[in-house]
Amino acid sequence: MASQELKLFGAWMSPLSGMVEWALKLKGIEYEYVEEDLQNKSSLLLQYNPIHKKIPVLLHRGQPIIESAIILEYIDETWKENPILPQDPYERAVARFLADLAQKKCLAAIWMACCSEKEKERAPESSAEALKALDEEIKGRKFFGGESIGYLDLRLGWLCHWLDVFEEVAGIKVMDSQKYPSLNAWIKNFREVPIIKESLPARTELAPFFHELAFIRRF
Ligand SMILES: N[C@@H](CCC(=O)N[C@@H](CS)C(=O)NCC(=O)O)C(=O)O
């Protein structure tokens with residue numbers, strides 16, 4: 001496909017635009033990447049996502065698709081090669097549930113803890129429920145998708161690189177490798193997948209960026 005038919009508006013530090021890129025690469029789809037400055041959003045981003053004004057936005061044949069989880073499903077439905085979502089409806093439901101649980105109970109909680117002293121106490125307990133469920137789910141498997149990465153692996157991509165940065169920024173620890181050994185093994189396996197490994201932003205750039213962003217949000 002000609003790349004002008006498919007454009008991704010993303011940002012280098014975002015695990016969500018990273019996730020969309022991983023999905024496109026896994027499927028071998030050509031696309032044009034447009035880096036957004038989130039402090040000074042382009043008129044195109046505001047035009048394509050006027051409600052949330054956020055990345056990622058996928059533009060396919062001039063039509064914008066918004067919300068990273070919806071984009072992931074759109075990609076899977078549009079390009080059938082290397083399926084991302086489980087074929088079984090029950091497995092699909094479980095994968096969607098766990099991805100949302102982790103995002104709401106862990107990612108959102110740790111980010112709030114980065115920005116507010118009060119939230120620091122709440123984040124470990126809130127995260128524990130989600131991390132335990134994921135640890136149970138991945139037990140005995142290399143990836144959530146089986147032998148290769150799939151929907152839940154992609155949706156949990158932030159766990160393998162960003163969680164540790166947010167823990168540093170918040171000054172708390174929620175990921176305990178003793179408590180969640182299977183999930184911890186998954187993090188190592190996932191990071192080793194070439195498409196993921198090659199694309200992870202440098203931690204030396206990610207950490208200062210989120211330290212500064214959290215500092216601004218605190219005031
Ligand atoms: N629910 C949205 C969240 C998107 C989101 O929060 N994007 C962030 C970057 S990771 C953003 O664009 N932030 C800019 C802003 O909030 O102004 C999704 O999953 O796509």
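## Ligand site and cysteines in a predicted model

In the ligand site, an N or O atom in the side chain of serine 68 lies 2.6 Å from an oxygen atom of the ligand. Of the 520 Å² of accessible area that the ligand has on its own, the protein covers 72%. The structure described here is a predicted model, and every distance and area in this report is computed from it.

The table sets out the polar contacts of the ligand with side chains.

| Residue | Ligand atom | Distance |
|---|---|---|
| serine 68 | oxygen | 2.6 Å |
| glutamate 67 | nitrogen | 2.7 Å |
| lysine 41 | oxygen | 2.5 Å |

These residues belong to the surroundings of the ligand, which consist of Ser14, Leu16, Leu38, Lys41, Lys54, Ile55, Pro56, Glu67 and Ser68. Sorted by character, the residues of this shell comprise four that are nonpolar, two that are polar and three that are charged. The ligand takes up the space of the largest pocket.

The cysteines are a separate matter. A disulfide is a covalent bond between the sulfur atoms of two cysteines. With a cut-off of 2.5 Å between cysteine sulfur atoms, the count of disulfides in the model comes to zero. Cysteine 114 is in no disulfide, and the nearest cysteine sulfur, which belongs to cysteine 115, is 5.9 Å away. Cysteine 114 has a relative accessibility of 1% and therefore counts as buried.

Why does cysteine 160 form no bond with the closest cysteine sulfur? The closest cysteine sulfur, in cysteine 106, is 13 Å from the sulfur of cysteine 160, and this is too far for a bond. Cysteine 160 also counts as buried, because its relative accessibility is 5%, and the limit for that class is under 20%.

Notes: Residues are numbered from 1 along each chain as its sequence is written. This is a predicted model: local features need pLDDT of at least 70, side-chain atom pairs count only at pLDDT 80 or more; totals for chains, interfaces and linings use all residues. Side-chain values use heavy atoms; hydrogens and water are left out. A residue is near a molecule or strand if one of its heavy atoms lies within 4 Å of it. A polar contact is a pair of N or O atoms within 3.5 Å; within protein, one must be able to donate a hydrogen and the other to accept it, and residues adjacent in sequence count only if both atoms are side-chain atoms. Accessible areas come from the Shrake-Rupley method with a 1.4 Å probe; for residues, only the protein chains shown count as cover. On a 1 Å grid over the protein atoms alone, a cavity is a set of points where a 1.4 Å probe fits but cannot get out, and a pocket is an open set with protein on both sides within 12 Å along at least five of seven lines; lining residues have an atom within 4 Å of a point. A molecule sits in a cavity or pocket if more than half of its atoms lie within 2 Å of its grid points. Ala, Val, Leu, Ile, Met, Phe, Trp, Tyr, Cys and Pro count as nonpolar, Asp, Glu, Lys and Arg as charged, and the others, Gly among them, as polar. Buried means under 20% relative accessible area, exposed over 50%, partly exposed in between (1.4 Å probe, protein chains only).
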